[in-house]
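I opened the notebook to record what I looked up in this structure. The entries go residue by residue, with the whole chain at the end.

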Amino acid sequence: CIGGLLEHTWGILQICETVCRLHPSMDSELLVCGALLHDIGKTEEFKTSTNIKITERGMLLGHIAIGADMVLKKIEKIEDFPDALKNKVLHMIFSHHGELEYGALKKPQFPEAAAVYMADLMDSQITQYIRFKKDNAERTEDFRSYSRNLGEIYLR
C-alpha cells in the first residue's frame with residue numbers, strides 16, 4: 001500500500017482492541033471508531049498517483065481539519081445522531097496528536113481519546129524504529145547509528 005496509511009490505521013486498531021481487552025470499561029465501539037477515523041483526512045490531504053503529493057486543501061487545512069469536516073458532513077446526514085457522540089468522535093480526531101505543540105487542536109479529554117492518541121504515537125514510533133534499523137543495519141558494520149528524530153539506535 002502506497003504511503004502506509006492503511007497499515008498504520010490497522011496497527012492502531014489492533015492496539016486499541018488490545019486496550020479494550022485490558023480495560024473492559026472503555027467504550028470499545030467509540031474507540032474503534034476513533035482508531036478508524038483519526039487520520040481519515042489524509043485521504044483528501046494527499047493525492048496519490050505514482051507518488052504522493054499534498055493537495056492544495058491539504059496544505060491549507062491539514063488532515064485534522066479535513067477529517068473533522070468529512071466526518072461532520074456524514075454525521076449531519078444521520079437523523080437524530082446524538083450530539084454527545086458527535087462531539088466525542090470529533091474530539092478524537094482533534095486530539096489524536098496528543099499535544100498542542102504537535103498539532104492537536106485539543107489534548108485528549110477522555111480515556112478513548114487518550115487511547116487513540118497513544119496508539120497513534122506507539123504505532124508511528126515503532127514503525128520509525130523498525131524502518132531506521134532495517135535501512136541502516138545493511139549500510140554499516142557498526143552496532144549503532146543515529147537518527148535525528150529518534151536518537152541513537154541499536155542495530156543488532
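**Entry 1: Asp-80**

I am working from a predicted model. I began with Asp-80 and asked whether it is buried or exposed. Its relative accessibility is 70%, so Asp-80 counts as exposed, the cut-off being over 50%. I then looked up where Asp-80 sits, and found it in the loop between α4 (56-75) and α5. I also noted its backbone: Asp-80 is not a glycine, yet it has a positive phi of about 60°.

**Entry 2: helix α2**

Next I turned to helix α2, which covers residues 28-37. I started just before the helix, at Asp-27. A side-chain oxygen of Asp-27 comes to within 3.2 Å of the backbone nitrogen of Glu-29, at the start of α2.

Which residues of α2 are buried? I wrote down Leu-30, Leu-31, Gly-34 and Ala-35. They cover an arc of only 135° around the axis, and therefore lie on the same side of α2. I then asked what the buried residues of α2 pack against. The partners are three helices: α1 (5-22), α5 (83-95) and α6 (111-137).

**Entry 3: Leu-31**

I picked Leu-31 from helix α2 for a separate check. Leu-31 has a relative accessible area of 0%, so it is buried, as this is under the 20% cut-off. Which residues does Leu-31 touch, if those up to four places away in sequence are not counted? I listed Cys-16, Val-19, Cys-20, Met-26, Glu-112, Ala-115 and Val-116. For one of these residues, Cys-20, I also looked up the distance. Leu-31 and Cys-20 are 11 residues apart along the chain, and their C-alpha atoms are separated by 8.1 Å.

**Entry 4: Leu-13**

I went on to Leu-13, which is in helix α1. Leu-13 counts as buried because its relative accessibility is 10%. With neighbours within four places in sequence left aside, Leu-13 is in contact with Val-32, Ala-35 and Leu-36. Ala-35 is also among the buried residues of α2. I took one long separation as well: Leu-13 and Glu-152 are 139 residues apart along the chain, with 29 Å between their C-alpha atoms.

**Entry 5: His-38**

I looked up His-38 next and found it in the loop between α2 and α3 (42-45). Is His-38 buried or exposed? Its relative accessible area is 1%, so His-38 is buried.

I then checked what its side chain meets. A polar atom of the His-38 side chain lies 2.9 Å from the backbone oxygen of Ala-35. The His-38 side chain also makes a polar contact with the side chain of Asp-120, at 3.5 Å. Not counting residues up to four places away in sequence, His-38 touches His-8, Thr-9, Ile-12, His-63, Ile-93, His-96, Val-116 and Asp-120. I noted that Val-116 is also among the residues that Leu-31 touches.

**Entry 6: Ser-145**

I then moved to Ser-145, in strand β3 (residues 144-147). Ser-145 counts as buried because its relative accessibility of 17% is under 20%. Which residues is Ser-145 in contact with, leaving aside its neighbours within four places in sequence? I found Phe-132, Asn-136, Gly-151, Glu-152, Ile-153 and Leu-155. I also compared Ser-145 with Glu-56: they are 89 residues apart in sequence and 37 Å apart in space, C-alpha to C-alpha.

**Entry 7: the whole chain**

I closed with values for the whole chain. It has 6 helices and 4 strands. From the N terminus on, I read the order of elements as α-α-α-β-β-α-α-α-β-β. Along the principal axes, the C-alpha atoms fill a box of roughly 60 × 40 × 30 Å.

How much of the chain is made up of buried residues? I noted 36% of the 156 residues. The chain exposes about 10,300 Å², and carbon and sulfur atoms supply 56% of that area. Among contacts with a separation of 6 or more, 43% are between residues 24 or more positions apart. Last, I looked up the charges: there are 19 positive and 23 negative ones, and their mean positions are 5 Å apart.

How values were computed: Residues numbered from 1 in each chain as written. Predicted model: local features only at pLDDT ≥ 70, side-chain atom pairs only at ≥ 80, totals over all residues. Heavy atoms only, no water. Helix = DSSP H or I, 4+ residues; strand = E, 2+ residues; numbered from the N terminus. Buried < 20%, exposed > 50% of the residue type's maximum accessible area, 1.4 Å probe, protein only. Contact = heavy atoms within 4.5 Å. Areas by Shrake-Rupley, 256 points an atom, 1.4 Å probe, with all protein chains shown as cover. Lys, Arg positive; Asp, Glu negative; His and termini not counted. Charge placed at Lys NZ, Arg CZ, Asp CG, Glu CD. Arc of directions from axis to C-beta. Polar contact = N/O pair within 3.5 Å; in protein donor to acceptor, adjacent residues only side chain to side chain.
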